[in-house]
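Me: Could you take a close look at one part of this structure for me, the charged side chains and how they pair? I would enjoy a connected walk through it, with some context from the rest of the chain.

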Amino acid sequence: MAELLAGNKAREWVTPHKISLLVLIRVYLENGRGDNGQQTVGVQRKFAYAMLKWIQSPDVEVKELLNGVHEICSELHQLVEERLEEMQKKGLSRLVDFFQSLDKLLESIDGEIGRASCRERV
């Protein structure tokens, strides 16, 4: 408590729940856009609401998280489950690769946001 009052931030720990959420976001951005490149508004809304709940709530078991993903989209559920199983089988090296790929994803998203905001100004 004294650390919080002194201005030090509480430490965040990497947990299986947090890694699973990152995998879910990554898979959603890579594959979860439907046939025409866009998800339906209903799926987008469900995904956003569920992510907000999972980020703000205490950690849940992976099985419970996957059940929630299945309620959003069964195809997304299957893809996330496959990715998590792959990470479990390949171990730490796959986890390191995953975190490196997140950097690339964030850079590409940042570029898209920059281009979109430039178009809006014109």
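Reply: Happy to! Let's begin with Lys 90, which counts as exposed because its relative accessibility is 52%, above the 50% cut-off. Please keep in mind that this is a predicted model. The partner of Lys 90 is Glu 86, and their side chains meet in a salt bridge with an N to O distance of 4.0 Å. Both residues belong to helix H5, where they sit four residues apart, about one turn of the helix. Glu 86 has a relative accessible area of 29%, so this residue is partly exposed.

That bridge is part of a short list, since a search of the whole structure finds three salt bridges. Salt bridges with shared partners join Arg 26, Glu 30 and Arg 83 into one network. Within helix H2, Glu 30 and Arg 26 are also four residues apart, about one turn of the helix, and their side chains meet at 2.6 Å, N to O. Glu 30 forms a salt bridge with Arg 83 too, and here the closest N and O atoms are 2.8 Å apart. Because Glu 30 lies in helix H2 and Arg 83 in helix H5 (residues 74–90), this pair ties together parts that are 53 residues apart in sequence.

How covered are the members of this network? Arg 26 is buried, at 13% relative accessibility, and Arg 83 is buried as well, with a relative accessible area of 15%. Glu 30, at 36%, counts as partly exposed.

Helix H2 also takes part in an aromatic contact. The structure holds one aromatic pair: the ring centres of Tyr 28 and Phe 47 are 3.8 Å apart and the planes are at 5 degrees, so the pair is stacked. Tyr 28 lies in helix H2 (residues 16–31) and Phe 47 in helix H3 (residues 41–56), so this pair ties together parts that are 19 residues apart in sequence. Both rings belong to buried residues.

On the surface, Val 14, Leu 22, Ile 25 and Phe 99 make a nonpolar patch of about 310 Å². Of these, Phe 99 is found in helix H6 (residues 92–121) and is partly exposed, with a relative accessible area of 32%.

Finally, a word on confidence. The chain averages a pLDDT of 77, and 72% of the residues score at least 70. Confidence is highest in helix H4 (residues 62–72), at a mean of 95, and lowest in helix H1 (residues 2–5), at 49. Over residues 113–122 the pLDDT is below 50, and this stretch has zero contacts in the model beyond near neighbours in sequence.

Conventions
Residues numbered from 1 in each chain as written. Predicted model: local features only at pLDDT ≥ 70, side-chain atom pairs only at ≥ 80, totals over all residues. Heavy atoms only, no water. Patch = residues over 30% accessible without salt bridge, like charges linked within 9 Å, V, L, I, M, F, W, Y side chains within 5 Å. Areas by Shrake-Rupley, 256 points an atom, 1.4 Å probe, with all protein chains shown as cover. Helix = DSSP H or I, 4+ residues; strand = E, 2+ residues; numbered from the N terminus. Buried < 20%, exposed > 50% of the residue type's maximum accessible area, 1.4 Å probe, protein only. pLDDT = per-residue confidence, 0-100. Contact = heavy atoms within 4.5 Å. Phe/Tyr/Trp six-rings, centres within 6.5 Å; stacked < 30°, edge-to-face > 60°.
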